[in-house]
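Thanks for coming, everyone. Let me put the sequence and the model up, and then we'll walk through the fold.

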Amino acid sequence: MVRPITKKLTKTILESIDKYKIVYAEVAPPGAMGNSGGIILYVRQDNDAEMHYFESSIYEDEETYLLAEEMLFGPLESANNFSDLESLYFDWYSDGRGNTTFINKKVNLSVRESYFVYQVDDLEFLIAPSVLGVFYSVVYQMNAHNSAQSAS
């Protein structure tokens, strides 16, 4: 299992990230459970042999937090209806406690006991949500969505 390379998210780094290479992201505004005021991004690198984990906090770097939030939520805010949301690049999950999770629609994450796995060829990358409550909420919603799709 390959663990991501951890880096602090800065405005300069954020500007260099191709949002379509974001595999998994979480936004937790101030007051949300667990990672309150935090944003995490798991970004696939061009060589596919590395995954970078970036984190930022509104309490430490408000400008970067707000820019990252805009990058992720911007398409949601401009969607006019549900069909517009379906065409977005991310599936998104809201846990009802303030956290929103974004998963790239072009990736398939395997669910393990308390984390996700993103597989590229024979490499498995660890994707760890900020807190278990977020993980369980996302898995529940993913399963409900899959059940609804298979029923139709």
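Start with β5 and β6, residues 100-104: these two strands pair antiparallel, over five bridges. Strands here are DSSP E runs of at least two residues, helices are H or I runs of at least four, and both are numbered from the N terminus. Two strands count as paired if DSSP finds at least two bridges between them. Within this pair, D91 has I103 of β6 as its bridge partner.

A word on what you are looking at. This is a predicted model: local features need pLDDT of at least 70, side-chain atom pairs count only at pLDDT 80 or more, and totals for chains, interfaces and linings use all residues. Residues are numbered from 1 along each chain as its sequence is written, and side-chain values use heavy atoms, with hydrogens and water left out.

Now the wider sheet. Which order do the strands take? The open sheet has six strands, in the order β1-β4-β3-β2-β6-β5, and the pairing is mixed. At the edges sit β1 (5-8) and β5 (90-94), each pairing on one side only. From one strand to the next, the twist averages 15 degrees. That angle is taken between N-to-C directions, on a scale from 0 to 180 degrees, with axes as lines fitted to C-alpha atoms.

Look at β2 next. Six bridges join β2 to β3, and the two run antiparallel. A28 stands opposite G38 in β3. β2 is also joined to β6, by four bridges, again antiparallel. There, V27 has T100 of β6 as its bridge partner. How many residues of β2 are buried? Seven of the seven are, so β2 is largely enclosed by the rest of the structure. Buried means under 20% relative accessible area, exposed means over 50%, and partly exposed is in between, with a 1.4 Å probe and protein chains only.

Step back to the whole chain. It holds four helices and nine strands. Along the sequence the pattern reads β-α-β-β-β-α-α-β-β-β-β-β-α. Of the 152 residues, 41% are buried. The chain exposes about 8300 Å², and carbon and sulfur atoms supply 48% of that. Those areas come from the Shrake-Rupley method with a 1.4 Å probe.

On to the inside. Nonpolar side chains tend to be buried together in soluble globular proteins. A nonpolar core here is a set of buried Ala, Val, Leu, Ile, Met, Phe, Trp, Tyr and Cys residues, joined through side-chain atoms within 4.5 Å. The largest one has 20 residues, and V23, Y24, I103, L109, F116, Y118 and I127 touch the most other members. Elements giving two or more residues to this core include β2 (22-28), β8 (116-120) and α4 (132-151). The largest share, five residues, comes from α4.

We met I103 in the β5 pairing. Beyond its neighbours within four places in sequence, I103 is in contact with V23, Y24, Y89, F90, D91, Y93, L109, V138 and M142. Contact means heavy atoms within 4.5 Å. Apart from the largest core lies another, of 18 residues, among them F54, I58, A68 and F73.

Now the loops. Q45 lies between β3 and β4. Is Q45 buried or exposed? Buried, with a relative accessible area of 19%. The Q45 side chain reaches the backbone oxygen of V43 at 3.0 Å. Leaving out residues up to four places away in sequence, Q45 touches E50, M51 and H52.

G34 sits in the loop between β2 and β3. G34 is exposed, at 56% relative accessible area. G34 and R97 are 63 residues apart in sequence, yet their C-alpha atoms are 9.6 Å apart in space.

D121 is in the loop between β8 and β9. Phi of D121 is near 55 degrees, a positive value in a residue other than glycine. Most residues other than glycine have a negative phi. D121 counts as exposed, at 70% relative accessibility.

Last stop, the N terminus. M1 is in the segment before β1. Which residues does M1 contact? Outside its neighbours within four places in sequence, they are R112, Y115, V117, E124, F125 and L126. M1 and L126 are 125 residues apart along the chain, with C-alpha atoms separated by 6.4 Å.

Key. Polar contact = N/O pair within 3.5 Å; in protein donor to acceptor, adjacent residues only side chain to side chain.
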